[in-house]
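Visitor: I'm new to this one. Could you walk me through how to read it?

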Amino acid sequence: MTVLLQVDGLKKQFGGLMAVNDLSFTVAEGEILALLGPNGSGKTTVMNLISGALPATAGRIQLDGVQISGLPAHRIARLGVARTFQLVRILPSLTVAENVIAALAFRAQPLWGDDAARAAEALLAEVGLAGRGGEYAADLTYIDQKRMELARALGAAPKLLLLDEWLSGLNPTELRVGIALILSLKARGMTIMLVEHIMEAVRALCPRTVVMNAGRKIADGPTNDVLADPAVVAAYLGGVDA
Ligand SMILES: Nc1ncnc2c1ncn2[C@@H]1O[C@H](COP(=O)(O)OP(=O)(O)OP(=O)(O)O)[C@@H](O)[C@H]1O
């Protein structure tokens, strides 16, 4: 197993609140890891710390052996971390292709002109939006906006893809499509860490799960074992000492 992401003793304090408290875990190359926990347990903050949107209070994050904690978000992105957001972020007045091309200009090896247009078309095909590049982003349905956001993230050619509730808000049919899409990324070797509240998706996608409660890691292991762990069940029911 080759470790791609290594998180050691990570802490994030907001005023009097330790939102992430001494968190350590690894993600192996090619793995899909779920990060679970009840509302407010610190999951999105962890995503923000890994991507550099927030600075850590303490601890260390390494990607592929390179320390990324302490670096600004754009440097971390160029080193290979891409993410999607809980609330989809798109450029609504641009076309679908332009949205992806804009992301390609910011990658480690930027693409421009015809190269960017061809790469955007390939990325859109990969997420199920083949031939849709000329449409306006604002006109896309919700799932298609999510697909486009994923194409933008993949455009950075990331080593690690962070998906923050990417499957939320989808209807049952769309959910199956979304799960299949993420599995297709795994099949081509992408390493993915996802925050997700939909347990059906977690079970289908993630052999391993880390659970947080009140900023701390309370479980880390095979998903079925973790979800049956009494401490995890208690945390979801609001148990204070889980
Ligand atoms: N920028 C911030 N300033 C102050 N407090 C914050 C900030 N961001 C998050 N918090 C607090 O940190 C704690 C963890 O929040 P976080 O959003 O990481 O939890 P979460 O597990 O992702 O929750 P959810 O499942 O509801 O998205 C919460 O108590 C939240 O109110």
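Guide: Let's go from the domains to the ligand, then to a helix and two loops. Keep in mind that this is a predicted model.

Visitor: Which parts of the chain make up each domain?

Guide: The domain assignment puts 1-80 and 158-242 together as domain 1, with 89-157 as domain 2. Their C-alpha centres are 25 Å apart.

Visitor: How many residues of each domain are in contact with the other?

Guide: There are 9 from domain 1 and 11 from domain 2. On the domain 1 side, the elements giving two or more residues are helix 2 (73-79) and helix 6 (172-187). That side has 6 nonpolar, 1 polar and 2 charged residues.

Visitor: Next, the ligand. Which residues are around it?

Guide: Look for Phe14, Leu17, Ala19 and Gly37, then Asn39 and the run Gly40, Ser41, Gly42, Lys43, Thr44 and Thr45. Strand 2 (17-28) and helix 1 (43-51) each give two or more residues to this shell, and helix 1 has the largest share, with 3.

Visitor: What kinds of residue are in the shell around the ligand?

Guide: By class, 7 are polar, 3 are nonpolar and 1 is charged.

Visitor: How do I read the two sides of a helix?

Guide: Start with the general idea: an α-helix has 3.6 residues a turn, so residues three or four places apart point the same way. Now try helix 4, residues 113-126. From first C-alpha to last, its 14 residues reach 20 Å, close to the 20 Å expected.

Visitor: Which residues of helix 4 are buried?

Guide: Ala116, Ala119, Ala120, Leu123 and Leu124 are. They lie on the same side of helix 4 because they cover an arc of only 135° around the axis. The buried residues pack against helix 3 (96-104) and helix 5 (142-155). Flip to the other side of helix 4 and you find Asp114, Asp115 and Arg118 exposed.

Visitor: What follows helix 4?

Guide: Gly128, which has a positive phi near 90°.

Visitor: Which residues other than glycine have a positive phi?

Guide: Asp64 is one of them, with phi near 55°. Find Asp64 in the loop between strand 4 (58-63) and strand 5 (66-67). Glu165 also has a positive phi, about 50°, and sits in the loop between strand 7 (160-164) and helix 6.

Visitor: Why is Asp64 classed as partly exposed?

Guide: Because Asp64 has 16 other C-beta atoms within 10 Å, while 20 or more would make a residue buried and 12 or fewer exposed. Glu165 is partly exposed too, with 19.

Terms used:
Residues numbered from 1 in each chain as written. Predicted model: local features only at pLDDT ≥ 70, side-chain atom pairs only at ≥ 80, totals over all residues. Domains from an automatic or database assignment. Contact = placed C-beta atoms within 7 Å. Helix = DSSP H or I, 4+ residues; strand = E, 2+ residues; numbered from the N terminus. Nonpolar A, V, L, I, M, F, W, Y, C, P; charged D, E, K, R; others polar. Near = placed C-beta within 6 Å. Expected span 1.5 Å × (residues − 1). Arc of directions from axis to C-beta.
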